[in-house]
Amino acid sequence: MLPACAANSRRLSNPCDDMKGTYILAIESSCDETAAAVVKNGREVLSNVISSQIALHTLYGGVVPEIASRKHIEKINPVITEALAAAKMSLADMDAIAVTYGPGLVGSLLVGVAEAKAIAFAANKPLIGVHHIEGHVSANYISHPDLEPPFLCLVVSGGHTHIVMVEDYGTYRIIGRTHDDAAGEAYDKIARAIGLGYPGGPKVDALAKQGDPNAIAFPRAHIEDCPYDFSFSGLKSAVLNYLNIEKMKARDVASRGAQEASEAGEASAKPGELARHGVPTGGDAEGTEACPDTFSDGVTKADLAASFQEAVVDVLVTRTIAAAKAEGVTTVAIAGGVASNSALRNRMREVGEANGMRVVYPEPILCTDNAAMIGAAAYYEFLRGNVADLTLNAVPGLKLGER
Ligand code: KG4
Ligand code: ZN
C-alpha cells in the first residue's frame, strides 16, 4: 500500500521532496456525494470521507440537482475538516488542492470548484482540476499499487459507459461507448420499474443473486460497424415491455375475478386486496413501481433481475475482452459505480483470465464516487505540471481527454 513515489511515476519526476512525499487534498462533489480525501503520492489514502445524499434523493426516486447542490454547500466544509483531521494533517501540509471540475451536475460541481479555489487561494497552494472519469480510472492505482499504463479500462457509472485505452497517465483513447443509456442508468431505471427504489444498481445486484440468469432471454444490442459500442435502451424497453404485459394480464385476471364475484353476488375486490394478491397497482410515493414477486409464467422478480443483469454483464465483458485482444493489452481494469457489481467483477475476471489477461478493479468503496480517486488522478496531473489557475470553472459536459 505504500509504494515509493518514484516507483509509481515511471516517466515523471516528482516536484516535491521524495522523502516527504506529495500530499493532495482532493474534493469531489459532481453528483450526490460530498467527498474529501488526503492522498499521498497518488496511491496511499490517508483519509477518505464521503457524505452520501442517497437517503435524501431516495424520497424522489433519483437525484434532484437543486437539492444536491444545496446539500453540498451544507456538507463541504465539515467533510474537508474531517478529511484533514482523519489524516492528522493540516492545510499547510498539503502540496496541492484537487477538485473534480466535470463532467457532472453543474450546481454540484460549482460547489466543489468554488471551495477548492478559495482554499488554494487562501493557503497559497497549487490548484488541480480533475476529470471525474479519469478519477474513476485512477481508483485502480490505489487498489493495485503496481498497476501502470498501458491498460484497457471499462468505465461503467451512472452517467458513462466507455471502453478506454489508458495509454499513459492522463492519456486516454476511447475505443467504445454507449449510444444511449449508461449501464448504471439502465440498472437504476429497471430497479425503479420493479419497485426496488434508488439507487438501483446495488439492489438489483443483491436480488439477482437469488434468481436464474437464464430465465428470460433479454436482447443484446449490436451496433453496426462499432464492435465495441453499447446500447442499453432496447434491453430496457424489453424489460419494461415484459412488465407491462404482466400488468395487463394481471388486470385481466382481476377484472375477470371481479365480474365473476359480482355475478355470484359478492362485493368486488378492493385495490388493497388486489395488491395483496400480487397484482401491480401502479407507482408509489417514492417514484418506484409496485411489482409482484412472481409473474404469471412462474418467473420471479429475482429471475427478471438476474436475466437483466446477465444481458448487461454479457455485453460489457464480451466487448471489453474483445477490445483488449484487438489492442494487444494483457491488463484489463474496471472502474465506476457499476464496477462494484459482483457479477461483472466475477465474469470479467473469469473471462479475462481464461484469455491470459490480468483483471483488476478497485475495492467497492473506491468504485462509487469518492475523493480518494480524484487525489490519485490529480497526483499524475501534478507531476505533469497541469496546474489550474483561479479561472477554473465547472464544465458539466467535459469530455474524456479534454482539458
Ligand atoms: O460512479 P458512480 O458512483 O456515480 C457516477 O459517476 O455516475 O455510479 C453510480 C451508479 C449508479 O447508477 C448505481 O446504481 C450504480 O453505479 N451501481 C451499481 C452497483 N453499485 C452502484 N450498479 C450495479 N451493481 C452495483 N453493485
Ligand atoms: Zn462517478
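This report describes the fold, the ligand surroundings and some local backbone features of one protein model.

**Overview and confidence**

The model is predicted, and its average pLDDT is 89, with 88% of the residues scoring at least 70. The protein has 12 helices and 10 strands, and buried residues make up 49% of its 403 residues. Among the contacts between residues at least 6 apart in sequence, 72% join residues that are at least 24 apart.

Two stretches call for caution. Over residues 1-11 the pLDDT stays under 50, and the model has 19 contacts beyond four places in sequence for this stretch. Over residues 267-286 the pLDDT also stays under 50, and here the model has 35 contacts beyond four places in sequence. Where pLDDT is low, the predicted coordinates should not be read in detail.

**The sheet of strands 1 to 5**

An open sheet of 5 strands follows the order 3-2-1-4-5, and its pairing is mixed. Its edges are strand 3 and strand 5 (127-131), each of which pairs on one side only. Neighbouring strands of this sheet are turned against each other by 20 degrees on average, direction ignored.

Strand 1 (residues 23-28) pairs with strand 2 in the antiparallel sense over 6 bridges, and within this pairing Tyr 23 stands opposite Lys 40 of strand 2. Strand 2 (residues 33-40) is also joined to strand 3 (residues 44-52) by 8 bridges, the two strands running antiparallel; Val 38 has Ser 47 in strand 3 as its bridge partner. The hairpin formed by strand 2 and strand 3 has 3 residues between the strands, and Asn 41 in this hairpin takes a positive phi near 50 degrees.

Helix 2 (residues 65-86) lies across strand 1, strand 2 and strand 3, running at about 25 degrees to strand 2. Helix 4 packs on this sheet as well, touching strand 3, strand 4 (96-102) and strand 5, and its direction makes about 95 degrees with that of strand 5.

**The sheet of strands 6 to 10**

A further open sheet is formed by 5 strands in the order 8-7-6-9-10, again with mixed pairing. Strand 8 (171-177) and strand 10 (358-360) are its edge strands, each pairing on one side only, and neighbouring strands are turned by 25 degrees against each other on average, direction ignored.

Within this sheet, strand 6 (residues 151-156) and strand 9 (residues 331-335) pair in the parallel sense over 4 bridges, and the bridge partner of Val 155 in strand 9 is Ala 335. Helix 4 (residues 132-143) lies across strand 6, strand 7 (161-168), strand 9 and strand 10, running at about 125 degrees to strand 9. Helix 9 (residues 301-327) lies across strand 6, strand 7, strand 8 and strand 9, and runs at about 155 degrees to strand 6.

**The surroundings of ligand 1**

Ligand 1 is surrounded by 19 residues, of which Gly 158, Gly 184, Gly 201, Gly 337 and Asn 341 are the closest. By class, this shell has 5 nonpolar, 11 polar and 3 charged residues. Helix 5 (183-193) and helix 6 (200-208) each supply at least two residues of the shell, and helix 6 gives the largest share, 4 residues.

**Local backbone features**

Two cis peptide bonds and two residues with positive phi that are not glycines are listed here.

| Residue(s) | Feature | Angle |
|---|---|---|
| Gly 102 and Pro 103 | cis peptide bond | omega about -10 degrees |
| Tyr 198 and Pro 199 | cis peptide bond | omega about -10 degrees |
| Asn 124 | positive phi | phi about 55 degrees |
| Asp 225 | positive phi | phi about 65 degrees |

Pro 103 is found in the loop between strand 4 and helix 3 (106-123), whereas Pro 199 lies in the loop between helix 5 and helix 6. Asn 124 has its place in the loop between helix 3 and strand 5, and counts as exposed because it has 8 C-beta neighbours inside 10 Å. Asp 225 lies in the loop between helix 6 and helix 7, and is exposed because 6 other C-beta atoms lie within 10 Å.

Arg 220 also belongs to the loop between helix 6 and helix 7 (233-263), but it counts as partly exposed because it has 16 C-beta neighbours inside 10 Å. Leaving aside residues up to four places away in sequence, Arg 220 touches Ala 311, Asp 314 and Val 315. The C-alpha atoms of Arg 220 and Val 312 are separated by 7.9 Å, although these residues are 92 residues apart along the chain.

Conventions
Residues are numbered from 1 along each chain as its sequence is written. Chains are lettered from A and ligands numbered from 1 in the order in which they are written. This is a predicted model: local features need pLDDT of at least 70, side-chain atom pairs count only at pLDDT 80 or more; totals for chains, interfaces and linings use all residues. A residue is near a molecule or strand if its C-beta atom, placed from the backbone, lies within 6 Å of it. Ala, Val, Leu, Ile, Met, Phe, Trp, Tyr, Cys and Pro count as nonpolar, Asp, Glu, Lys and Arg as charged, and the others, Gly among them, as polar. Two strands pair if DSSP finds at least two bridges between them. Axes are lines fitted to C-alpha atoms, for helices over the stretch in contact, and angles run from 0 to 180 degrees between N-to-C directions. Two residues are in contact if their C-beta atoms, placed from the backbone, lie within 7 Å. A residue is buried if 20 or more other C-beta atoms lie within 10 Å of its own, exposed if 12 or fewer, and partly exposed in between; C-beta atoms are placed from the backbone. pLDDT is the predictor's confidence in each residue, from 0 to 100.
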